[in-house]
Amino acid sequence: QPDAWVAPHGAVEIPVQVGVPSTEGHLTRQFFVRLATSAGHETETTLEVQGEALASAKVFPSSLNFGVVDVKDLVCRPIRVQSRRVADLRQAEISFRTDSRFVGVNVGQCRADLLTLDAYLMPPLPFGTFRASIAVTLQDQNNRISLDIPVIASVTSDIYPVPKSLIISQN
C-alpha cells in the first residue's frame, strides 16, 4: 500500500519529523526513501535534512554576579528563563533549590514562554568571596529541563571602616 501516488512529472510532499536534539547547534538528518512505479520499477534514494537545533531554555544572565555587597544588606537580582521546549510555563511544574542558606528564590512573573525569578542574598552573609548555585527545573508532560545558575558575590562590611590615614600623636 503506497503512502502517496504521484502523477508523472508530479511532486509529492513527504512529511518529516525530527526528534528534539539534546544539544544546540547545526543538525543534519538523513532519511531513506523508496519510490516505486505502477509498472514495478523501484528506485531508492537518501534525503538529507539540515537545520539548526535551538537550546531547550535560555537563562539571562547565565550567572549571577552580585558584585560587592555589604554583610547586612538584602540584595535582589532578576533571572529570566525562556523556554522553547516546555509548551506553556504557566502550566509547568517549576522548582528550584540552592546549595546555600544565604540564597533565596521567588517566582516573579510567569508567561507562556518566559519566567522571571527573583534571586536574593539574605543577611547576615559570610565575609569574603561568596559562591553558591541555583538549580531550576521546568517540567511539563513531555519535557524536563534542568538549569544551573552560578552565584558569586564579594561580601564586605561598613561597620568597621578602614581609615584612609591614621594620625598617631604622643603625649
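In what order do the elements of the chain run from the N terminus on? They run β-β-β-β-β-β-β-β-β-β. Put as a count, the chain has zero helices and ten strands. Please keep in mind as you look around that this is a predicted model.

## The chain as a whole

The chain holds 171 residues, and buried residues make up 29% of them. About 12,400 Å² of the chain is exposed, with carbon and sulfur atoms supplying 50% of that area. How are contacts spread along the sequence? Taking contacts between residues at least 6 apart in sequence, 56% join residues at least 24 apart.

## A sheet with mixed pairing

Let us begin the tour of the strands with an open sheet of four strands, whose order is β4-β10-β9-β6 and whose pairing is mixed. At its edges stand β4 (64–70) and β6 (93–98); each has a single partner strand, so one side of each is left without a neighbour in the sheet. On average, neighbouring strands of this sheet are turned by 20° against each other, direction ignored.

Inside this order you can find β9 next to β10. Strand β9 covers residues 128–139 and strand β10 covers residues 144–156; the two run antiparallel and are joined by twelve bridges. For a place to look, try Val-136, which stands opposite Leu-147 in β10.

## A sheet with antiparallel pairing

Another open sheet of four strands has the order β3-β5-β8-β7, and its pairing is antiparallel. Which strands stand at the edges? They are β3 (57–60) and β7, and because each has a single partner strand, one side of each is left without a neighbour in the sheet. From one strand to the next, the twist averages 25°.

Strand β7 spans residues 103–110. Six bridges join β7 to strand β8 (residues 114–121), and the two run antiparallel. One pair to pick out here is Asn-106 and its bridge partner in β8, Asp-118.

## Two salt bridges

How many salt bridges does a search of the whole structure find? The search finds two. They are set out below, with the relative accessible area of each residue.

| Acidic residue, relative accessible area | Basic residue, relative accessible area | N to O distance |
|---|---|---|
| Asp-70, 9% | Lys-72, 45% | 3.2 Å |
| Asp-113, 34% | Arg-111, 38% | 3.6 Å |

In the pair of Asp-70 and Lys-72, the side chains meet in the salt bridge. Asp-70 is buried, because its relative accessible area is 9%, while Lys-72 at 45% is partly exposed. Asp-70 is also the residue at which β4 (64–70) ends.

In the other pair, Asp-113 forms a salt bridge with Arg-111. Asp-113 counts as partly exposed at 34% relative accessibility, and Arg-111 is partly exposed as well, at 38%.

## Ser-100 and its surroundings

Next, visit the loop between β6 and β7, where Ser-100 lies. Is Ser-100 buried or exposed? With a relative accessible area of 14%, Ser-100 is buried; the cut-off for buried is under 20%. The side chain of Ser-100 reaches the backbone nitrogen of Phe-102 at 3.1 Å. Leaving aside residues up to four places away in sequence, Ser-100 touches Phe-130 and Ala-132. The strand β9 (residues 128–139) includes the positions of Phe-130 and Ala-132.

## Arg-29 and Thr-37

The last stop takes in β1 and the loop that follows. Arg-29 lies in strand β1, which covers residues 25–36. Its relative accessibility is 33%, so Arg-29 counts as partly exposed. How far apart in space are Arg-29 and Val-49? From C-alpha to C-alpha they are 5.2 Å apart, with their positions 20 residues apart in sequence. The position of Val-49 falls within β2 (42–53).

Thr-37 lies in the loop between β1 and β2. Thr-37 is partly exposed, with a relative accessible area of 44%. Between Thr-37 and Val-6 the C-alpha to C-alpha distance is 9.1 Å, and the two residues are 31 apart in sequence.

Definitions and conventions: Residues are numbered from 1 along each chain as its sequence is written. This is a predicted model: local features need pLDDT of at least 70, side-chain atom pairs count only at pLDDT 80 or more; totals for chains, interfaces and linings use all residues. Side-chain values use heavy atoms; hydrogens and water are left out. A salt bridge is a side-chain nitrogen of Lys or Arg within 4 Å of a carboxyl oxygen of Asp or Glu. Buried means under 20% relative accessible area, exposed over 50%, partly exposed in between (1.4 Å probe, protein chains only). Two strands pair if DSSP finds at least two bridges between them. Axes are lines fitted to C-alpha atoms, for helices over the stretch in contact, and angles run from 0 to 180 degrees between N-to-C directions. Contact means heavy atoms within 4.5 Å. Accessible areas come from the Shrake-Rupley method with a 1.4 Å probe; for residues, only the protein chains shown count as cover. A polar contact is a pair of N or O atoms within 3.5 Å; within protein, one must be able to donate a hydrogen and the other to accept it, and residues adjacent in sequence count only if both atoms are side-chain atoms.
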